Structures are given as structure tokens and as C-alpha cells.
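The following exercises are to be solved with the sequence and the structure at hand. Each task is followed by a worked solution.

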Amino acid sequence: MREKIVDAAVVEFHRGGYNGCSVETITKAAGVPKGSFYNHFRSKEDLGAAAVARYTEQSQWEGVDPGLPVLDQLRDRFTAQRELIEANGFTRGCLIGNMGEEAADHSLPIRAQVQASLAGWAAEIAVFIRAAQETGEVPAGLDAEQAGRFILDAWEGSILRVKAEKSAAGFDSFFAHVFGILLALS
């Protein structure tokens, strides 16, 4: 039952935001009695943190051809996320970023999970950058960890922009600058 509640929370928080969803909305979407929520969570905040963790697990970058050059694999992962956001009419964006914007100032459990999720994602990007440095696709002098954090920050900012403008221009800028300048050899 806990898993059903968390899965429903991911969908509902992504659709309506943390403040736009009640425990009742989430338990109804999960098909469980509202009272059962408190058997599994102390608070909506704890559920919010669990939803961010689940979203992070579900957002593992899969399905990219490992035979591609490393930099192309990284680009394809961002492209897949871009396509999903565009297919949703520039809505929803990234639940990690959404929860960070909406709830991190007011909820320690959510803030801690958002921090952990962002750190993990930035570290994963850094792994790709180091691998691309080894294959000569990315400048060797680039600090992979710092670049990973910067790229993630730029991505989350791009998502905010495309949601606000209902336009792909923010994504176009992200791809041009990250892959055309920052990670380019020349």
C-alpha cells in the first residue's frame, strides 16, 4: 500500500504541485483509504520526500545506445527529457526542481531529498564528462564535478524558462551552450 501511495504522489505532485495536492487527492488516486496514509507516513512532508526519491529512481537515464560516443549518450539523455516535457505542452518539468522551488524553503525532509537527488544527478553527469574526457570528446582540463553541477543547474533553469514561456527556446539555448561551447573541444 505504501508503494501505491508513493507512486500516486509522484504523479499528483508532478501534475498539481506539492501545495496543490492534498493527502486525500493522493490516496484517492492510489485507490487506498485516506486513513491508511498515516500507517505509512508521519506527514505529507515525509511523503513529499519519498516522492522525490521515487522520481529520482524512476528518472535513471536508460534506453540510450551504449555504442554511441559518450558525449552523444549524454546529449541523448537530455534530449529524451526535453521531448517528454515538450510532449506535455511545456508543463510539469522535473519533479526534483519543482519540489525544490515549491517546498524546500519550508520542509527539511523535502529539502534534504532534493539536495540528495540533485547531488546524485550532478555526479552522474560528471561520470559522463570524465568518460568523454578519456575518449577525447571533451576538453581534458574541464573540472568534471563542477561542470556536472553547472550543467544540471543550467538544465533546471532551462526547464523553468520553457515552462514559463511555453516555448523550446530555453532548451535550444541549453543545448547550444552546453554541447556547443562548454563541452566542445574547440
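A residue is called buried if its relative accessible area is under 20%, exposed if it is over 50%, and partly exposed in between (1.4 Å probe, protein chains only). The model is predicted: local features need pLDDT of at least 70, side-chain atom pairs count only at pLDDT 80 or more, and totals for chains, interfaces and linings use all residues. Residues are numbered from 1 along each chain as its sequence is written, and side-chain values use heavy atoms, with hydrogens and water left out.

**Exercise 1.** Determine which residues of helix H1 are buried and what covers them.

*Solution.* Helices are DSSP runs (H or I, at least four residues), numbered from the N terminus. Step one: the buried residues of H1 are Ile5, Val6, Ala8, Ala9, Val10, Glu12, Phe13 and His14. Step two: contact means heavy atoms within 4.5 Å. The cover over these residues includes H2 (23-30), H3 (37-40), H4 and H6 (95-103).

**Exercise 2.** Compare the expected span of H1 with the distance between its end C-alpha atoms.

*Solution.* The expected span is 1.5 Å times one less than the number of residues. H1 (residues 2-16) has 15 residues, so it should span 21 Å. Its end C-alpha atoms are 20 Å apart, which agrees. Just after H1, Gly17 takes a positive phi of about 85°.

**Exercise 3.** Classify the packing of H7 against H8.

*Solution.* Axes are lines fitted to C-alpha atoms, for helices over the stretch in contact, and angles run from 0 to 180 degrees between N-to-C directions. Step one: the axes of H7 and H8 are 7 Å apart, at an angle of about 125°. Step two: H7 is therefore oblique to H8, given that angles under 35 degrees count as roughly parallel, over 145 as roughly antiparallel, 65 to 115 as roughly perpendicular and the rest as oblique. Step three: among the residues making the contact are Trp121 and Ile125 of H7 and Leu152 and Trp155 of H8.

**Exercise 4.** Decide whether Pro66 and Ser158 are buried or exposed.

*Solution.* Pro66 lies in the loop between H4 (44-58) and H5 (70-87). Its relative accessible area is 67%, so Pro66 is exposed. Ser158 is placed in H8 (residues 144-165). With a relative accessible area of 9%, Ser158 is buried. Leaving aside residues up to four places away in sequence, Ser158 touches Gly170, Phe171 and Phe174.

How values were computed. Helix = DSSP H or I, 4+ residues; strand = E, 2+ residues; numbered from the N terminus.
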